[in-house]
Structure formats: C-alpha cells, structure tokens
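Student: I have a model open and want to go through its architecture. Can we take it piece by piece?

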Amino acid sequence: MTGERVLIALGGNAMTAPDGSAAPADQKRAIERAMTHVADLIGHGHRVAITHGNGPQVGNILLKNQLTAHVVPPVPLDWCGAQTQGTLGALIMNALDPIPAATVVTRTLVDPDDPAFHDPVKPIGQYFSVVEARRFQALGQTWREFERGWRRVVASPRPVEILDAAPAVALMEAGYTVVAAGGGGVPVVRAADGGLHGVEAVIDKDHAACALAQAVGADILVIATDVPHAIAGYGTPEARPIGSVTPKEMRVLQAEGHFASGSMGPKVEAALRFVEEGGARAVITSLDNIAAAISGNIGTTVNRES
C-alpha cells in the first residue's frame with residue numbers, strides 16, 4: 001500500500017560509525033546511508049516524517065562545555081538539544097536532496113511536577129573523576145558514581161505535548177519530508193505566567209517518537225534499531241524473534257520481563273502506546289529493513305486489534 005503517513009524514529013546507530021564514533025565525517029556517512037532507505041520509502045509514495053536520537057552529539061557538546069568552562073559559561077542542556085536538531089537536520093536534508101525536506105526545531109512540553117525531576121537518573125556525557133564531578137556539582141549539576149567513574153545524571157520526564165507539531169504537519173501536507181523532535185525535542189515547561197522555559201532534562205526519544213507520530217497523524221510508527229526483530233527470551237536457549245503480534249500479546253511478553261529497560265524496553269512501550277491509542281501499527285526493525293517491514297515481510301509488528 002502506498003500513500004501511508006510514516007514516522008521513522010532513527011536510533012543512534014543511524015547517526016554514527018559502526019564503532020560509535022561521532023566524528024563529523026562519520027556522522028555524515030552514517031546519515032547518508034540511512035537516508036538511502038528513507039528515500040526508498042518516499043519513492044514508493046509514502047509521506048515520511050523523521051525523528052532521531054542525539055546522545056553522541058549532545059555528549060560532544062557537553063565535553064566541550066567541560067573543557068572550556070573556565071573560558072565561557074557552559075550552555076544549558078535544552079540549548080544542546082536545539083543545536084543538535086539543527087546540525088543533524090541539515091545533514092539529513094543534504095542527504096535527501098533533491099527530495100524536498102525541512103527541519104523543524106521542535107520543543108516538547110513536559111510537566112514540571114513529573115516525578116523524574118525529583119530523582120534524576122538518566123546518565124549523559126562521559127565518565128570523569130570525582131574531582132571533575134565536584135567541580136560541576138558546584139554549578140548545580142547532579143552527578144553520580146558508577147562502576148567506571150562519575151557521570152552526570154538528569155531527569156527524563158515523559159513528553160506531554162509536541163508543541164511544534166502543527167508546522168510539521170503543514171510542511172508534510174505541502175509535500176516536504178519533515179525532520180522533527182530530534183533527541184526527544186527541546187524540553188520546556190510552562191511557567192505560572194504562561195511563558196515557556198527550557199529545563200535541564202532529556203526526553204526519551206522513543207516516547208517522543210510515539211507522541212510525534214500521534215501528533216502528525218501517522219499511520220505507521222517505525223522504530224529503527226540495530227536488530228531486525230525484538231526478541232523474546234533474549235540471551236537464553238529459548239530466544240526467538242517476535243513477528244506480528246497484538247498489543248495484548250506484546251503486553252504479556254513485556255510483563256514477563258523480556259525487554260530490558262535500557263534498550264528494547266522503551267521501544268516496545270512506545271510501539272504499544274502508539275497502537276493502543278489509535279495508531280494502525282508500529283514496527284520495530286533494523287534500519288536496513290524498514291521498507292520490507294512496512295510491507296509486512298520482516299520485523300516486529302504490533303497491529304491494532306480489530
């Protein structure tokens with residue numbers, strides 16, 4: 001079927017070299033490879049919106065913050081997110097050319113009373129010594145000790161609303177492939193006076209992808225990762241790929257603990273929520289297989305129950 005509206009959520013593997021390197025040349029090559037698959041979908045008549053992760057890119061900016069803090073003030077985390085949206089969006093548009101494409105620097109509204117703000121647990125950036133951690137704790141940051149050293153942690157609140165979905169929809173209606181809500185969106189809260197303010201937080205990109213897919217009226221949510229299927233019994237002799245399932249069947253597997261919270265768990269939850277809240281279907285598969293997955297030939301597909 002052609003003409004469906006598809007939201008593709010690209011994982012970090014689509015933005016870096018196979019070894020995880022985020023040097024500019026590596027990012028450019030990785031994005032060009034990823035966009036060949038997106039261009040194939042567009043060529044088959046699908047209307048496509050793209051969202052993406054930004055962990056390595058934000059990590060680079062944070063490192064620059066720390067190395068130059070004695071010269072210029074570190075920029076806040078919401079600024080880091082906005083900068084990576086612009087940079088990665090430009091690379092994606094270049095890679096898609098001559099397909100018409102546009103990037104929307106996108107803000108994501110979060111709840112200032114979200115419990116995540118009271119217990120920041122999302123690690124970001126690199127590991128450092130306790131001396132370096134103390135230096136940035138003095139600037140108001142939260143750092144915690146891990147096995148490999150000290151690392152900054154921030155809140156990861158749930159997205160409430162993709163504030164800039166309307167221009168993304170308008171651009172799609174005008175024939176553009178749209179890049180939006182990169183890195184989960186720039187996290188903002190609404191103050192008592194009605195104004196919007198950026199916050200030091202990281203929004204899970206898979207949860208944001210679900211919210212964006214709903215906001216732009218996507219028929220299909222595709223979560224592109226580094227494996228062709230989600231796996232039940234991963235790491236055990238009973239391991240098996242999950243094909244086409246209903247939300248109810250996937251919820252059973254989720255409750256049995258098959259999906260790790262730090263890897264496949266958020267992807268499965270985003271796929272389930274999208275379908276349970278009205279989406280036609282959600283697919284989890286590798287980047288190389290997204291066209292085949294939309295055709296129903298591969299991948300883990302959560303289908304709306306009739």
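Student: How many residues lie between β6 and β7 in their hairpin?

Tutor: This is a predicted model, where local features need pLDDT of at least 70, side-chain atom pairs count only at pLDDT 80 or more, and totals for chains, interfaces and linings use all residues. Residues are numbered from 1 along each chain as its sequence is written, and side-chain values use heavy atoms, leaving out hydrogens and water. Helices (H or I, at least four residues) and strands (E, at least two) are DSSP runs, numbered from the N terminus. In the hairpin formed by β6 and β7, the number of residues between the strands is 2.

Student: Which residue of β7 is the bridge partner of Phe-146?

Tutor: Two strands pair if DSSP finds at least two bridges between them. β6 (residues 143-146) and β7 (residues 149-154) have 4 bridges and pair in the antiparallel sense. The bridge partner of Phe-146 in β7 is Gly-149.

Student: Now the open sheet. Which are its edge strands?

Tutor: The open sheet has 8 strands with mixed pairing. Their order is β3-β9-β2-β1-β12-β16-β17-β15. An edge strand here pairs on one side only, and that picks out β3 (101-104) and β15 (244-245).

Student: In that sheet, which residue of β12 stands opposite Val-6?

Tutor: Strands of a sheet pair through backbone hydrogen bonds, either parallel or antiparallel. β1 runs parallel to β2, joined by 6 bridges, and Leu-7 has Ala-49 of β2 as its bridge partner. β1 also pairs with β12 in the parallel sense, over 5 bridges. There, the residue opposite Val-6 is Ile-220.

Student: Is β1 mostly covered or uncovered, and how many of its residues are buried?

Tutor: Buried means under 20% relative accessible area, exposed over 50%, and partly exposed in between (1.4 Å probe, protein chains only). In a regular strand the side chains alternate between the two faces of the sheet. Arg-5, Leu-7 and Ala-9 are buried on one side of β1, and Val-6, Ile-8 and Leu-10 are buried on the other. So β1 is mostly covered, and the buried count is 6 of its 6 residues.

Student: At about what angle to β1 does α6 run?

Tutor: Axes are lines fitted to C-alpha atoms, for helices over the stretch in contact, and angles run from 0 to 180 degrees between N-to-C directions. Helix α6 (residues 205-215) lies across β1 (5-10), β2 (47-52), β9 (177-180) and β12 (220-225). Its angle to β1 is about 165°.

Student: Which residue of β17 is the bridge partner of Val-283?

Tutor: Val-283 belongs to a pairing of β16 (residues 281-286) with β17 (residues 300-303). These strands run antiparallel and are joined by 4 bridges. The partner of Val-283 is Thr-301.

Student: On to helix packing. What orientation does α1 have to α3?

Tutor: Helix α1 (residues 24-43) packs on helix α3 (residues 77-96) at about 55°, with the axes 8 Å apart. Angles under 35 degrees count as roughly parallel, over 145 as roughly antiparallel, 65 to 115 as roughly perpendicular and the rest as oblique. Therefore α1 relative to α3 is oblique.

Student: How many residues of the contact of α1 with α3 are nonpolar?

Tutor: Contact means heavy atoms within 4.5 Å. The α1 side includes Ile-31, Met-35 and Val-38, and the α3 side includes Leu-88 and Leu-91. Ala, Val, Leu, Ile, Met, Phe, Trp, Tyr, Cys and Pro count as nonpolar, Asp, Glu, Lys and Arg as charged, and the others, Gly among them, as polar. The contact has 1 polar and 2 charged residues, and its nonpolar count is 10.

Student: What orientation does α7 have to α8?

Tutor: Helix α7 (residues 247-255) and helix α8 (residues 264-276) pack with their axes 10 Å apart, at about 150°. So α7 relative to α8 is roughly antiparallel.

Student: Which peptide bond is cis?

Tutor: Most residues other than glycine have a negative phi, and most peptide bonds are trans. Pro-98 sits in the loop between α3 and β3. With omega near 15°, the cis bond runs from Asp-97 to Pro-98.

Student: Is Ala-181 buried or exposed?

Tutor: Ala-181 is in the loop between β9 and β10 (186-190). Its phi is positive, near 55°. Its relative accessibility is 1%, so Ala-181 counts as buried.
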